[in-house]
Amino acid sequence: MTETEDAILQALIELDSVVKGMATAKPKPNLLPIFERIDDLARQLPGGTDPQLLHYLHKKSYEKARLFLQGRDAENVQGSCGHV
């Protein structure tokens with residue numbers, strides 16, 4: 001895993017954690033900075049990055065991207081776009 005991929009994974013884990021706590025959070029967290037960080041990091045990925053990861057990030061399938069980076073891509077289900 002590259003340094004950028006690791007940074008994306010950490011941001012995705014943070015997003016997952018914040019989203020899970022939203023039901024009881026007061027005030028509600030602002031997710032925009034996390035989304036912007038993920039998008040910025042995704043733009044830094046090199047040309048040889050796995051196309052599946054790029055697909056997940058481009059489609060904003062953040063849970064799928066997180067599972068992919070955690071080596072758990074087999075847990076991903078096929079989406080409406082026809083990709084797993």
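A polar contact is a pair of N or O atoms within 3.5 Å, where, within protein, one atom must be able to donate a hydrogen and the other to accept it. One such pair in this predicted model involves Thr 49, whose side chain has a polar atom 2.7 Å from the backbone oxygen of Pro 46. The structure also holds six salt bridges and two aromatic pairs. The points below take up Thr 49, then some of the salt bridges, then the aromatic rings.

**Thr 49 and its surroundings**

- Thr 49 sits in the loop between H2 and helix H3, the latter covering residues 51–58.
- With a relative accessibility of 7%, Thr 49 counts as buried, because the cut-off for buried is under 20%.
- Leaving aside residues up to four places away in sequence, Thr 49 touches Glu 5 and Leu 54.
- The partner of the Thr 49 side chain in the 2.7 Å approach is a backbone atom, the oxygen of Pro 46.

**A salt bridge between two helices**

- Among the six salt bridges is the one between Glu 14 and Arg 37, with the closest N and O atoms 2.9 Å apart.
- Glu 14 belongs to helix H1 (residues 3–20) and Arg 37 to helix H2 (residues 32–43), so this pair ties together parts that are 23 residues apart in sequence.
- Glu 14 is partly exposed at 32% relative accessibility.
- Arg 37 is also partly exposed, its relative accessible area being 36%.

**Salt bridges within one helix**

- In helix H2, Arg 43 and Asp 40 are three residues apart, which means that about one helical turn separates them.
- The closest N and O atoms of the Arg 43 and Asp 40 salt bridge are 3.8 Å apart, and the cut-off for such a bridge is 4 Å.
- Arg 43 is exposed, with a relative accessible area of 63%, whereas Asp 40 is partly exposed at 37%.
- In helix H4 (residues 62–69), Arg 66 and Glu 63 are likewise three residues apart, or about one helical turn.
- The side chains of Arg 66 and Glu 63 meet in a salt bridge with an N to O distance of 3.9 Å.
- Arg 66 is buried, with a relative accessible area of 10%, while its partner Glu 63 is exposed at 53%.

**Aromatic pairs**

- A pair of aromatic rings is described by the distance of the centres and the angle of the planes.
- The structure has two aromatic pairs.
- In one of them, the rings of Phe 35 and Tyr 62 have centres 5.8 Å apart and planes at 20°, so the pair is stacked.
- Phe 35 lies in helix H2 and Tyr 62 in helix H4, so the stacked pair ties together parts that are 27 residues apart in sequence.
- Phe 35 is partly exposed, with a relative accessible area of 28%, whereas Tyr 62 is buried at 11%.
- The rings of Tyr 56 and Phe 68 have centres 6.2 Å apart and planes at 70°, so this pair is edge-to-face.
- Tyr 56 is part of helix H3 and Phe 68 is part of helix H4, so the edge-to-face pair ties together parts that are twelve residues apart in sequence.
- Tyr 56 is buried, with a relative accessible area of 1%.

Terms used
Residues numbered from 1 in each chain as written. Predicted model: local features only at pLDDT ≥ 70, side-chain atom pairs only at ≥ 80, totals over all residues. Heavy atoms only, no water. Helix = DSSP H or I, 4+ residues; strand = E, 2+ residues; numbered from the N terminus. Buried < 20%, exposed > 50% of the residue type's maximum accessible area, 1.4 Å probe, protein only. Contact = heavy atoms within 4.5 Å. Phe/Tyr/Trp six-rings, centres within 6.5 Å; stacked < 30°, edge-to-face > 60°.
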